[in-house]
Amino acid sequence: GTNAWNDIVDFFSDAGVPTSATAAANVSYNVSTGRATATANANLTDGSGNITVTFAGPVNAITVSHIAGAVPGTNNPTNQFVFIDDLTYARSPRLTLTKVSNGGTGTFDFSGGTNGFGTDSITTSTSGVGVAGATKRLTSIATSTSVTETVPANWALTGATCTGMGSGGTATLTGNTLELNAAAITAGANIACTLTNTRATLKVQ
């Protein structure tokens, strides 16, 4: 909010400009530039100059620049004020894979992970007992995320279940690729997916 007129405020972070904003009646926001602009010559002391911005992805530093704003007909921010009322930090979504191998043990590699997941490798030591891989911090919320397993010879990827997804979240296994839809990836989500592999059985007749 502000107690001046003609305000222009730029928002920026190490993750870029805010991806969304909720602005009061006398403020407009440009999602491409991160700039909030007050209605010309409007007195914003009544709360009509308030704006709430949201940054996506991990943010370590935020810059708020009051680059213009003063009495009508001028463009000097000296002695004018922009009040930052609240900073709310939301934990980045996280994803952990657990591998269960039935009928044997082995090493299972994951690659092609999107949204910051990257790669992982999990080695099981007991048939039927799950082993968790590394917990990965995802880059962005509301972004579909996939990871592909390189299935070893004589093994089949036979199932996948996930917990901790956002409302409306789904996990779909297509071939050797697990995909979480955008709704699953919410701020603070701690998603755990268990992928089960079954070793092929050779029958001798």
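"Buried" here means a relative accessible area under 20%. The model is predicted, and the legends below go from the whole chain to single residues.

**Figure 1. The whole chain, a protein with 0 helices and 15 strands.** Start with the overview before zooming in. Of the 205 residues in the protein chain, 31% count as buried. The accessible surface comes to about 10800 Å², and 50% of that surface belongs to carbon and sulfur atoms. Take the contacts between residues at least 6 apart in sequence: 67% of them join residues at least 24 apart. Several of the close-ups that follow show pairs with long gaps in sequence.

**Figure 2. Lys99 and Glu149 in a salt bridge.** The model has 2 salt bridges by the rule used here, and this view shows the one between Lys99 and Glu149. Their closest N and O atoms are 2.7 Å apart. Lys99 sits in strand β7 (residues 94-102) and Glu149 in strand β11 (residues 145-150), which makes this a link between distant parts of the chain, 50 residues apart. Are these charged partners buried or exposed? Lys99 has a relative accessible area of 0%, and Glu149 comes in at 3%. Both values fall under the 20% cut-off, so Lys99 and Glu149 both count as buried.

**Figure 3. Lys99 again, this time over the ring of Phe108.** Keep Lys99 in the frame and look at its charged end, which sits 5.1 Å from the centre of the Phe108 ring. So the lysine that bridges to Glu149 also has an aromatic ring under its charge. A second view of this kind belongs to Lys136, which lies over the face of Phe117 at 4.6 Å from the ring centre.

**Figure 4. Phe108 and Trp155, an aromatic pair.** The count of aromatic pairs comes to 1. What is the geometry of the rings of Phe108 and Trp155? Their centres are 5.3 Å apart and their planes stand at 85°, so the pair is edge-to-face; the cut-off for that label is over 60 degrees. Phe108 is in strand β8 and Trp155 in strand β12 (residues 155-163), so here too a pair joins distant parts of the chain, 47 residues apart. Phe108 and Trp155 are both buried.

**Figure 5. Arg35 and Asp10, a salt bridge between strands β4 and β1.** Here the side chains of Arg35 and Asp10 meet, with an N to O distance of 2.7 Å. Arg35 lies in strand β4 (residues 35-38) and Asp10 in strand β1 (residues 5-13), so the bridge ties together parts that are 25 residues apart in sequence. Asp10 is buried at 19% relative accessible area, a value just inside the under-20% cut-off. Arg35 counts as partly exposed at 32%. Val9 is worth adding to this view: Val9 is also in strand β1, and at 8% relative accessibility Val9 counts as buried. The C-alpha atoms of Val9 and Arg35 are separated by 5.7 Å, although the two residues are 26 apart along the chain.

**Figure 6. Asn115 and the residues around it.** Asn115 lies in the loop between β8 (107-113) and β9 (118-123), and Asn115 is buried, with a relative accessible area of 12%. What does the side chain of Asn115 reach? One partner is the backbone nitrogen of Ser140, at 2.9 Å. Another is the side chain of Thr145, with a polar contact of 3.0 Å. Leaving out residues up to four places away in sequence, Asn115 touches Leu138, Thr139, Ser140, Thr143, Ser144, Thr145 and Ile185.

**Figure 7. Ala142 and Asn154, two loop residues with positive phi.** Most residues other than glycine have a negative phi. Against that background, Ala142 has a phi near 50°, and Asn154 has a phi of about 70°. Where do Ala142 and Asn154 sit? Ala142 is in the loop between β10 (131-137) and β11, while Asn154 is in the loop between β11 and β12. Ala142 counts as exposed at 54% relative accessibility, and Asn154 is exposed too, with a relative accessible area of 53%.

Methods:
Residues are numbered from 1 along each chain as its sequence is written. This is a predicted model: local features need pLDDT of at least 70, side-chain atom pairs count only at pLDDT 80 or more; totals for chains, interfaces and linings use all residues. Side-chain values use heavy atoms; hydrogens and water are left out. A salt bridge is a side-chain nitrogen of Lys or Arg within 4 Å of a carboxyl oxygen of Asp or Glu. Helices (H or I, at least four residues) and strands (E, at least two) are DSSP runs, numbered from the N terminus. Buried means under 20% relative accessible area, exposed over 50%, partly exposed in between (1.4 Å probe, protein chains only). A polar contact is a pair of N or O atoms within 3.5 Å; within protein, one must be able to donate a hydrogen and the other to accept it, and residues adjacent in sequence count only if both atoms are side-chain atoms. Contact means heavy atoms within 4.5 Å. Rings of Phe, Tyr and Trp (its six-membered ring) pair if their centres lie within 6.5 Å; planes under 30 degrees apart count as stacked, over 60 as edge-to-face and the rest as tilted. A charge sits over a ring if NZ of Lys or CZ of Arg is within 6 Å of the ring centre and within 35 degrees of the ring normal. Accessible areas come from the Shrake-Rupley method with a 1.4 Å probe; for residues, only the protein chains shown count as cover.
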